[in-house]
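Thanks for coming. I will put the structure up and then go through a few parts of it in turn.

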Amino acid sequence: MNLEKELKGSVKISVCGLNTERFINICHNNNILLNNVITTDNGCCMEISVRDFKKLKKPARICGVRIKIIQKDGLPFVIHKYRRRYFFIHGIMIFVLVNIIMSGYLWRIQITGNMHYSSKEIINYINRMNIHYGMKTGRIACEDIEAGLRQNFDRITWVSADVNGSRLRINIKEDDTGKSDYAQTAESDICAAEDGRIVSIITRSGTPIVKAGDEVKKGDVLVMSKVESFNESGESFGVRYVCADADIITETSINYNDSVLREYELKEYTGRIHTGTGIKIGDRLINYNVSKCKYDNYDVFTEYKEITPYENMNLPISYAYFYYKEYNITTSDHTDDELENILNANLMNYLEKIQENGIQIIQNSVKIDIGSETGQASGTLLIRTPATVHTAPVINPATEESEGTSNE
Amino acid sequence: MYRQFAEDYSIITIHGRTELYIENFKSISELSGECIRIKAARELVVVEGSGLLVEYMNKDDIKIIGNIEHIRLMEVMR
């Protein structure tokens, strides 16, 4: 399809008469472009543009030929056909206009390459920089975004931001060497987080005060930030403060208590579900259901479906679906085995949870006691934990002679 | 020199048996599906075949398509 031909419009005409060749030659001399000239029984057919068609009157009169329009094609004829359909034409015009206007605003933020920081976290930061959906793209300073992200997110090593149409693209590269955000850099001591006994201590920087086997209390300094330097004769010639760093394992015991009642209420869902819909605007939830659920006992499950025109663009409006699930309550008693199983399961969950934090369990002396009304699990757990805390040094480094803060 | 050449001669290009271009032609003498006679700069070009038609024609050149069987160049009486 020839786009220019469609836009300008063309007509297919039939030329009848004796001097069709002469007519064609005159058109040629008048610089009139003819397409698809086909001879027919009583003349010829050809295609011609709308603009050139208006010039045919004079050649036709000179040659004595008759011109008849067979077919009309192109945009000018479509517009003419729908010229009285005002709303349709105005609708198209408004659509195009709205598209042109809206393309100058920010409607999408696309973040790629982020592994450590979530997209929401980065978008929240960008929003705090007064960059939000619906603002003019011309007002977005990409350099400021790049500088701000590099400054406020330690793990980001490289960032590029650019505006592409109505989309803000942020490409991030993060440092994946495992550096902690909370790495200590200032001078600090290491103190005990719990009462216990030191099992092992490996000091990388600072002066260790305790050794393996020592009993410590919570808050005791284990490794000092103060490092003294001695000369060959054993005299101190300077003090410096470092960020104390050590791997310390402390053995400590913790108490464990858990109890479960023998009598319990069993919730049995009947399978009857009453559904309803609503809408959530901001923090306000509107329930459409005028007639509320008539069940005596029910749980309400609410499911929200956010309206997201684009990937990260969440409008403050979301659909809400309510599910009222009916249930009956029956009172029953646990058997001894059931109580023991529940208490054991609770204990195992607790142990798994603390082991996830790097705590090693050395001894488990929790005992389960089943009574007539309750089942109880109690006892102590002997654990080895690497938990320590950094605190500011006891002596202010400014008051001491300092040789620097390097730990090397 | 090129201008002189362009005024005095026509350039005839044929692609296979289906397309023929004539640049710098003067007029059409005869037009039908079997025979098209075109006055070129110095000669008369006679194209014979079947299903012949002029695909486009403007001030400078003309394109003829169809099943071309013969092309003859004839002297034009000046």
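In β17 of chain A, look for A:N287: that residue is the bridge partner of A:G278. Please keep in mind that this is a predicted model. A second pair in the same region has A:K280 standing opposite A:L285, the latter in β17(A). The strand facing β17(A) is β16, residues 263–281 of chain A; four bridges join the two, and they run antiparallel.

What sign does phi take at A:G282 in the hairpin of β16(A) and β17(A)? Phi is positive there, near 65°, and the hairpin has two residues between its strands.

Now the sheet around that hairpin. Its order is β17-β16-β19-β18, with four strands in chain A, and it is an open sheet with antiparallel pairing. Which strands stand at the edges? They are β17, residues 284–287, and β18, residues 298–306. Each has a single partner strand, so one side of each is left without a neighbour in the sheet. From one strand to the next, the twist averages 40°.

One general remark on strands, since we are looking at them. Side chains in a regular strand alternate between the two faces of the sheet.

Next, another sheet in chain A. This one is also open, with three strands in the order β5-β7-β6, and here the pairing is mixed. β5, at 108–112, and β6, at 156–164, are the edge strands, each pairing on one side only. The twist in this sheet averages 15° from one strand to the next.

Within that sheet, β6(A) is joined by eight bridges to β7, residues 167–174, and these two run antiparallel. To pick out one pair on the screen, take A:I156, whose bridge partner in β7(A) is A:E174.

Two helices pack on this sheet. Helix α7, residues 119–128 of chain A, touches β5 and β7, and its direction makes about 130° with that of β5(A). Helix α8, residues 142–152, touches β6 and β7 of chain A; the angle between its direction and that of β6(A) is about 155°.

That leaves the interface. How many residues of chain A are in contact with chain B? The number is 14, and they meet 16 residues of chain B. Between the chains, about 1400 Å² is buried, with carbon and sulfur atoms giving 56% of that area. On the chain A side, A:E21, A:H28 and A:T39 lose the most area to chain B, and together they account for 40% of what that side buries.

As for polar terms, there are zero salt bridges between chain A and chain B. Residue pairs in polar contact, counted with both residues at pLDDT 80 or more, come to 11.

Which elements of chain A supply at least two residues each to the side that touches chain B? They are α2, at 20–29, and β2, at 34–40. The largest share, six residues, comes from β2(A). Sorted by class, the side of chain A that touches chain B has six nonpolar, seven polar and one charged residues.

β2(A) also takes part in strand pairing across the interface. Three bridges join β2(A) to β5 of chain B, residues 43–57, and the two strands run antiparallel. One pair to find there is A:N35 with its bridge partner B:Y56, in β5(B).

That is where I will stop.

Notes
Residues are numbered from 1 along each chain as its sequence is written. Chains are lettered from A and ligands numbered from 1 in the order in which they are written. This is a predicted model: local features need pLDDT of at least 70, side-chain atom pairs count only at pLDDT 80 or more; totals for chains, interfaces and linings use all residues. Side-chain values use heavy atoms; hydrogens and water are left out. Contact means heavy atoms within 4.5 Å. Buried area is the accessible area (1.4 Å probe) that two parts lose on being put together, summed over both. A salt bridge is a side-chain nitrogen of Lys or Arg within 4 Å of a carboxyl oxygen of Asp or Glu. A polar contact is a pair of N or O atoms within 3.5 Å; within protein, one must be able to donate a hydrogen and the other to accept it, and residues adjacent in sequence count only if both atoms are side-chain atoms. Ala, Val, Leu, Ile, Met, Phe, Trp, Tyr, Cys and Pro count as nonpolar, Asp, Glu, Lys and Arg as charged, and the others, Gly among them, as polar. Two strands pair if DSSP finds at least two bridges between them. Axes are lines fitted to C-alpha atoms, for helices over the stretch in contact, and angles run from 0 to 180 degrees between N-to-C directions.
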